[in-house]
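Q: Please take a close look at one part of this structure, and then set it beside other parts. I am new to it, so longer explanations are welcome.

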Amino acid sequence: MKIPGHAAATGASRRWQGEGPWAWLSAAAVALSLLMLGALLVLLATRGLGHFWPADLHQLRLADGQRLIGVPVETRQLPDDSGYERRYFTANRDHQGGIWTWVAEDAIEQDRTPNDLIVLQRGRWGAFFGRLVAVVTETERFGGDRAWQALRQRLDHLEELRQQSESLRRDHILPLIRQMERMKEHSRLSEQLTELEQQALTLQRAMTGTVLVLETADGKRFEQPLESVLDAWHPNSMGSVEKLAHWSRGVWQFLSEGPRDANAAGGVWPAIFGTVLMVMLMSLLVTPFGVLAAVYLNEVAHQGRLTRWVRIGVRNLAGVPSIVYGVFGLGVFVYGIGGSLDRLFYADTLPSPTFGTGGLLWASLTLALLTLPVVIVATEEGLARIPLHQREGALALGATHFETLTRVVLPMATPAMLTGVILAVARAAGEVAPLMLVGVAKLAPQVPVDGEFPFLHLERKFMHLGYHIYDAAFHSNDVQAALPLVYATALLLVLVILVLNLTAIFLRHYLRLRHGVPVRR
Amino acid sequence: MPEPVPFSSLHRHRQRRDRLATALITAGGVGVLLAVLAIGIFLVTGVLPLFLSDNGPSLTALWQPQANVDGVVEYRWLPESLKGGGIPQVNLLPLVWGTLEAALWALVLAIPLALGAAAHSSLFMSPRLRHRIRPTLELMEAMPSVVLGFIAGLVLGPWVERHLAETFTVIAALPLGILLVAGLRRCLPGAIRHWLSLRWAALWLIPCLAGSVIVALWGASYWENLWFDGDLRAWIEIHLGLDVQARNALILGLAMGFAVMPGIYALAEDALSDVPKELCEGAQAMGATRWQTLTKVMLPVALPGIFSAVMIGAGRAVGETMIVLMASGNTALMSANPLDGLRSLASSIAIELPEAVMGSSHYRLLLLAALALFIFTFVVNTLAEVVRSRLRQRLVRQRSMR
Amino acid sequence: MPMQQEGAAVVRGWGRCLLLQCRVAFHGMFVRRFSRLMQGLVLGLLGFLPPVSHAHDVLGNLNAVGSDTMAELMLRWGERLEQSHPGVRLQLQASGSASAPAALIAGTTLLGPMSRQMLPRERASFTERYGYPPTAITAGKDALLVVVNRHNPIESLSLRQLDAIFSDNRQCGGEEAIEQWQQLGQDEPPGRIHLYGRNRVSGTHAMFRRIALCGGYFRNKVNVFPGSAAVVSAVGSDPLGIGYAGLNHLTADVHVVAIGEPGQAVVPSRQTLRNNQYPMARHLLIYANLPPGGSLPPTEQAFLDLVLSPSGQEIVEELGFVTLSIPQLNLQRRQLGLPELGSKDDVR
């Protein structure tokens, strides 16, 4: 019996020194794994969350007289080893064609962070870096120090108008259109609609009129209509509290808004929604079947050679590559079942497919199949843990097998089932490859749930966090511009999966405590 | 069995319900199992027309190299040649090669890490730490592969391409650094040595590792300048004539090794801790060090279990899709150069299947690729499972004999 | 500028009200008492109509099915249309160019955005179904760029050189394969050419293959990425890289190579694309189901009106594509029966 802790103190440390280099290398293996995991999480967290922090704007003067305003992003060695170059995010795509500028470090003559630089977030052409010269309304011109205050005031007012206009559209106009589409005679409705449209246009007119006079780094002045400005801040003169507030607003927008600029900007709300909905549908499908199969294997089937082989087979299905499930889903669900459904029920819209193309339903089904072994194995483990005398006791009291099962065995195995389902959900939430074949979409402006009958549209394509990462990293217009959001999305996905897994781990721990020592098969 | 009369109808009802439920459960269970079998059946029926029809690519095209205009004989994967007339060049061999190469590099990283970690945690690690490490590594396994692929393909790949010398230095410096630390520890006074015990080494070695990484990064350019004219990549390309691609088998191996390592670790640790305690204690009583106990006593007993752990890891590495798709260049090459790109079966399916017309030769070729993956992983996993359950049974028998 | 547009919109609205006898939403109120013509004329003459009258017919769902390359563009147009006509809602299905012809033929949509031209087969089955061919509307121009790392000094490449660099079987007739940068007559960068390209399902891949490779096959050394942005980013970090991508993917990491024989090489620019000098240009198309002599329903008409107007073209430019010139726009507006643009509505 080893006595931990005592060995070194009692002079047995010589034996430890004698373990040789391999013992240390094996310890390093654990340490290295932990280091890699930690480094990955830290990388995701810093890059993903750091993006929302309002970084200081630098104003540079270069050796050739060029001036620019930007945020340094990364530094790289020049190919001929003559020094370093730095990538600056300089925004202003409408004025200089691109949003990045590479500057050789040697060429920088002056690098300052003046307090009067501002950042505008615009609905068109992306961000703007520069100076605010004046705010010009129809009646008045605010210059100098009053300009910033006037801008803030008007932005708040604009935000209010935007919300009004949005709610008018969402709560009144769109339902009316839906109603009109259903009804033939809609003279009364169209009258109403005209009125609403009038209101909306009035609101929109109220937004226009104010113009900002802005100055870019090279001193060029231009006018920017206020209505396309979404937000404005001056990072160099913000305190850390202000920055923190700005940061939390950024994070919230990321979580609650839809994507913009070909998934390179904006938020991931539809992707969160799609992931959660798909996973919920999947767990609705996988739980009953997984439990059924586990109960069959463990309680009903004759425990012979065949059952053992079947059990091995089921476990091995957990090792079958997910892409193979995707191929199966595409071939059987989408082309096979979906195609037949289309021919039978949606013949009028053919050749444009309804169910014969990837969609929410097929994705959930495919992932349910994929995670079935996880649920079966976990449930079986839970069932095997339940002592035989519990069942025998119930049977001895006159209960039938079915009653024993539902009243005694299944309640005791519930935590195990739950663990299995949570593990299945965690696996499904991170799985992307099969989804690419059976229904995930790059951009699905309409979420699969809305106010239209039948409210849940199983045939629609949906967005998914994992696929969003892949898509933004490869398909957006500019990988560099999309990177921060990819990091943030990756962090979000990892967090979701970590939380799910931690829940499963705690559940299992609880289960072990409740049923004593773990039983291994 | 005599029954009280008033209960008989209820009893019959209960019995009927019981039979019904059993039948339902059986039907459900068998149905699920059949659905699972259906995958194999679907793939086989999907692939068969490829071999039966006359207008598809000939079978030899799938594995024999073909020449191009320059007379360069190569293995090519060019599904567009199925449409354009001429001889179709759809060779599956480069894809199989790429799949196995990627899996191999993943295992090269994962096996030492996983087995080392398993050995350490079953022999030396403090039980308190051990109970924390296992779930932590489980979290590592749950890391979505799309995230790993993104990091490997878009962050690590380009970095390694620019800092090749640093990368190799880090790889070499890690074990050296650890041995150095272990050596230094012997020279320390007893109190500190006690504090830096092997039982907690997994934790206090982390900063040491990070330190050796930093030293390696700092020192790499020195010898790069000294021996390779300051640019290892150019040196390899010019003097060795090898391609150095940003997205290569090594990067892939690193990311996939990260993904498979925890699975192998968990199974290998299970196998080691299933070894009867008496054996180890006996060996240690005879004066063996713990490492000797491991190599001479535990390993031979647990070898089948460790083998099955590695097999399961290999199965996962072969089927990994997103990491290969994002972090390899998807170049269908057959080169043994670990700094060159590759293309795997799984990633080919993922990018090509959505646009392959259903029922076309291309579609069926991709089904064939899926079938190959299915069969490979199924065989490997079954083998592993059989070996593992044999081992279990043997150990149980031994235990019951005593 | 907004005032001008609004004014123009009002004038257009009144004009159409009189011409099209004001098939407007008001008709329900008066339809029992007046004929439509009378109503339009009387109300029009009395100046009774509110200035938004032009928007009345423009409401309801606007369906479009097609290209995912153009998804962002369509969404932005839809957003803009929703601003001027709050009663419109765009429903976009962006699952790829190939889905557009199918949906057009089936009649589930009247507009099909496509990043490639319709194949003869697709066009034929449309004509068979409706008796007239689909109308192609060019909404903007895109070009295939050949890009190299920003530190690479190379200025131009001929199509034949491109073929020798990328192709396995050199259908364009190059003499020898080009594998080193030195074979292009320059010292920098030293080493092999690293090739980057798209996966073969993309239109970009198909187009590069058709124009630069004369329909030949790519070398298996080409790194294949499932997105053009990834190609540009990979070339941007690889000093030895060369790749191709669409115009909207251009960043500061790479520099664009002019295409053509030395001395006559053409740099892709707004100018060279507009007058068709650049050899690797393509059109962003919207196919419409427009019967000859007829017109589209008002919502679709308003959408195309926006697309072919200065403010619609602004969005084209903002997303990195090349806009059409006024005569090009007017040519298409005539085809659709839209009023022509004046010369002062110039597009940037």
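A: A good place to begin is a pairing in chain A, where A:Gln59 stands opposite A:Arg112 in strand E5(A). The model is a predicted one, in which local features need pLDDT of at least 70 and side-chain atom pairs count only at pLDDT 80 or more, while totals for chains, interfaces and linings use all residues. Residues are numbered from 1 along each chain as its sequence is written, and chains are lettered from A and ligands numbered from 1 in the order in which they are written.

The strand that carries A:Gln59 is E1(A), and E1(A) is joined to E5(A) by four bridges, with the two strands running antiparallel (strands pair if DSSP finds at least two bridges between them; strands of at least two E residues and helices of at least four H or I residues are DSSP runs, numbered from the N terminus). A:Gln59 has another partner as well, for A:Ile69 in E2(A) also stands opposite A:Gln59. Here, too, the sense is antiparallel, since E1(A), residues 58–62, and E2(A) are joined by four bridges. E1(A) and E2(A) form a hairpin that leaves four residues between them, and in its turn A:Gly65 has a positive phi of about 90 degrees.

Moving on from the hairpin, E2(A), residues 67–77, is joined by six bridges to E3(A), residues 84–89, again in the antiparallel sense, and A:Val71 stands opposite A:Phe89 in E3(A). These pairings belong to an open sheet of five strands in chain A, whose order is E4-E3-E2-E1-E5 and whose pairing is antiparallel. Its edges are E4(A), residues 100–104, and E5(A), residues 108–112, each of which pairs on one side only. On average, and with direction ignored, neighbouring strands of this sheet are turned by 45 degrees against each other.

From the sheet we can turn to a helix of the same chain and to its place in the interface with chain B. Between chain A and chain B, 77 residues of the former are in contact with 86 residues of the latter (contact means that C-beta atoms, placed from the backbone, lie within 7 Å). Helix H3(A) supplies the largest share of the side of chain A that touches chain B, namely 18 residues. By class, that side of chain A has 59 nonpolar, 14 polar and four charged residues (nonpolar are Ala, Val, Leu, Ile, Met, Phe, Trp, Tyr, Cys and Pro; charged are Asp, Glu, Lys and Arg; the others, Gly among them, are polar).

One partner of H3(A), which covers residues 21–50, is H5(B), residues 164–186: these helices pack at an angle of about 120 degrees, with their axes 10 Å apart (axes are lines fitted to C-alpha atoms, for helices over the stretch in contact, and angles run from 0 to 180 degrees between N-to-C directions). H3(A) and H5(B) are therefore oblique to each other (under 35 degrees counts as roughly parallel, over 145 as roughly antiparallel, 65 to 115 as roughly perpendicular and the rest as oblique). On the side of H3(A), the residues that meet H5(B) are A:Pro21, A:Trp24, A:Leu25, A:Ala28 and A:Leu32, and their counterparts in H5(B) are B:Leu174, B:Pro175, B:Ile178, B:Leu179 and B:Ala182. This contact has 10 nonpolar, no polar and no charged residues.

Helix H3(A) also meets H3(B), residues 127–142, where the axes come within 11 Å and cross at roughly 50 degrees. That makes H3(A) oblique to H3(B) as well. In this contact, A:Val30, A:Ser33, A:Leu34 and A:Leu37 meet B:Ile133, B:Thr136, B:Leu137 and B:Met140. Its residues divide into six nonpolar, two polar and no charged.

For a view beyond these two chains, consider chain C, which has 13 helices and 10 strands. Among its contacts between residues at least 6 apart in sequence, 70% join residues at least 24 apart. One strand pair there is E1(C), residues 60–65, with E2(C), and these two pair in the parallel sense over six bridges. Within that pair, C:Leu92 in E2(C) is the bridge partner of C:Ala64.

Key
Two residues are in contact if their C-beta atoms, placed from the backbone, lie within 7 Å.
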